[in-house]
Amino acid sequence: MRTILLGVAGVMLVALGGTGAGATLKRDPLLADTTLSWIRYGHGQDLATAVLYLGLGLVIWSWIRLGRMVRNGHVGSSAVLTAIVVWTLPLLFAPPLFSKDIYSYLAQGQIALNGLDPYKVGPAVLQSPLSDNVSWVWQNTPAPYGPVFLVLAMSVVWATHASVIGGVVLMRFVLAIGLALLCWALPGLARHLGGRPAVALWLAAANPLMLVHLIGGAHNDLLMVGLMAAGCLFVLDGRHVLGIAVVTLAFAVKATAVVALPFLVLVWARRLAGSRTVQLVKAIAGGLATFLVVFTATTLLSGLDLGWIPALSSSSTIVNWLSLPSAVGDFAHTVVNLVVRVEPGVFLTVARGLGSLLLLFIAWRQWRAAADGGPEAIRRAAITSLAVALLSPATLPWYFSWALVLAAGLAWSTKGLQAAAFFSTFLLLVTFPDGDTALYSWGYLALIAAVSALACVSLVKPDPLKLSSRYP
């Protein structure tokens, strides 16, 4: 209980500090022209930032302590579920944290409500309080999200009368459906995949990377991974059509969920009668028919078209070294630029093209290796999702949640859990609270690498720094 309360104190400090240091509104009707407006400027903002990082430290500490207890079998799934609920609640009402994407979601919903096509125009056409808070990078970018999510965004904007604050809070509650689905599905996935339910819940649902970024940052990835996890469980349970239908809904939220579908077809195929070829033909036909019916229905009911598919390329605007092809292209340009002045575009284009080819090769090899279906297909889907995050033209820290969710139910070794703790902590901290990237602040990166290493060691050793007399 003390560990859970420690986490509650942490997320409350994160939410409090976020009022001054988060991705706040340009003009906040709650704080503007009040005696509290100082928290957004100068020393007030510095204080808010310090409070937020203190809260993050407590959140990470409590998560690691909880993980140690889960790993040792001292607590079970009920304790982890309790932690997830109470750690989530304060974040539902916090200002947006570590990202401004929520403002883009709401603006895209308002575009559709106004009778415009969100797949053709960007938020800049609105000239409204919602669009004013969208990052300049996305002001003229069409929506790259599927019809299910656009309908949800429209509904939130309509229900809140285009209120920015009301929209942020209500959207978080909508996205939290994904967290609920995740908490429901993970124990079942662990049962099929050979893992422990409590470990799966701790690793994928109580993880600060998930809660702070996907709840605090309000990313639609949370709804996508929740639907994807539920769909995978349905397929493993033998409800193949329902499972593929649910993963299709996940795809209609965000396209990345499509990665799981070919692997689920293999699970279905191995349960059918006939030769391997006949099994595969039957499963592909059934899976494709299910996908087409569900996706067509959602598209027609939404009143939208397929314009979001070409809009997916808009993410290539992001350039950072979390994307390995972008890192290679950027590095090659830097080296060549020492000798001769050249434009970076060709280096990025070539590196990203090669990265896409490598991704296709990896996905094909993983799919072929998963031919026997069963739990192995889900493990291979997790590997492919990780490859998608690493080799896509653009990568953001929370993209690694895709693979984490699919892999959480596997039987994790201690070293594997330590690696997950290290990278989860590192990815949590590589974005500044206002949404700007910290990936090129090398001194800061060295500091958070040390913090991540401490979290990694602390998962198996209660007091690695020997600060307490309780541990010899």
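**Surface patch, core and aromatic cluster**

Good morning. I begin with Val 350, which counts as partly exposed because its relative accessibility is 47%. Please keep in mind throughout that this is a predicted model. Val 350 sits in helix α16, which covers residues 345-369. Together with Val 346, Leu 354, Leu 357 and Leu 360, Val 350 makes a nonpolar surface patch of about 520 Å².

I turn next to the interior. The largest nonpolar core holds 151 residues, and the members that touch the most others are Trp 87, Met 171 and Leu 186. Helix α7, residues 164-193, is the element that gives the most to this core, contributing 14 residues.

Which residues does Met 171 touch, if those up to four places away in sequence are not counted? They are Ile 102, Tyr 105, Leu 106, Phe 149, Ala 153 and Val 156.

My third topic is the aromatic residues. A pair of aromatic rings is described by two quantities, the distance of the centres and the angle of the planes. The count for this model comes to 18 aromatic pairs. One of them joins Phe 251 and Phe 291, with 5.5 Å from centre to centre and 50° between the planes, a tilted arrangement. This pair links distant parts of the chain: Phe 251 belongs to helix α11 (residues 240-251) and Phe 291 to helix α13 (residues 276-302), and the two are 40 residues apart.

Are these two rings buried or exposed? Phe 251 has a relative accessible area of 9% and is therefore buried. Phe 291, at 16% relative accessibility, also counts as buried, because the term applies under 20%.

A further tilted pair is formed by Phe 295 and Trp 308, whose ring centres are 6.2 Å apart and whose planes differ by 55°. Phe 295 lies in helix α13 and Trp 308 in helix α14 (residues 308-311), so this pair ties together parts that are 13 residues apart in sequence. Phe 295 is buried, with a relative accessible area of 11%, and Trp 308 counts as buried at 0% relative accessibility.

How are these aromatic residues linked? Ring pairs join Phe 251, Phe 291, Phe 295 and Trp 308 into a cluster.

To close, I return to the three topics. On the surface, the nonpolar patch includes Val 350. In the interior, Met 171 is one of the residues that touch the most other members of the largest nonpolar core. Finally, the ring cluster includes Phe 251 and Trp 308. Thank you for your attention.

Methods. Residues numbered from 1 in each chain as written. Predicted model: local features only at pLDDT ≥ 70, side-chain atom pairs only at ≥ 80, totals over all residues. Heavy atoms only, no water. Patch = residues over 30% accessible without salt bridge, like charges linked within 9 Å, V, L, I, M, F, W, Y side chains within 5 Å. Areas by Shrake-Rupley, 256 points an atom, 1.4 Å probe, with all protein chains shown as cover. Salt bridge = Lys/Arg side-chain N within 4 Å of Asp/Glu carboxyl O. Helix = DSSP H or I, 4+ residues; strand = E, 2+ residues; numbered from the N terminus. Buried < 20%, exposed > 50% of the residue type's maximum accessible area, 1.4 Å probe, protein only. Core = buried A, V, L, I, M, F, W, Y, C linked by side-chain atoms within 4.5 Å. Contact = heavy atoms within 4.5 Å. Phe/Tyr/Trp six-rings, centres within 6.5 Å; stacked < 30°, edge-to-face > 60°.
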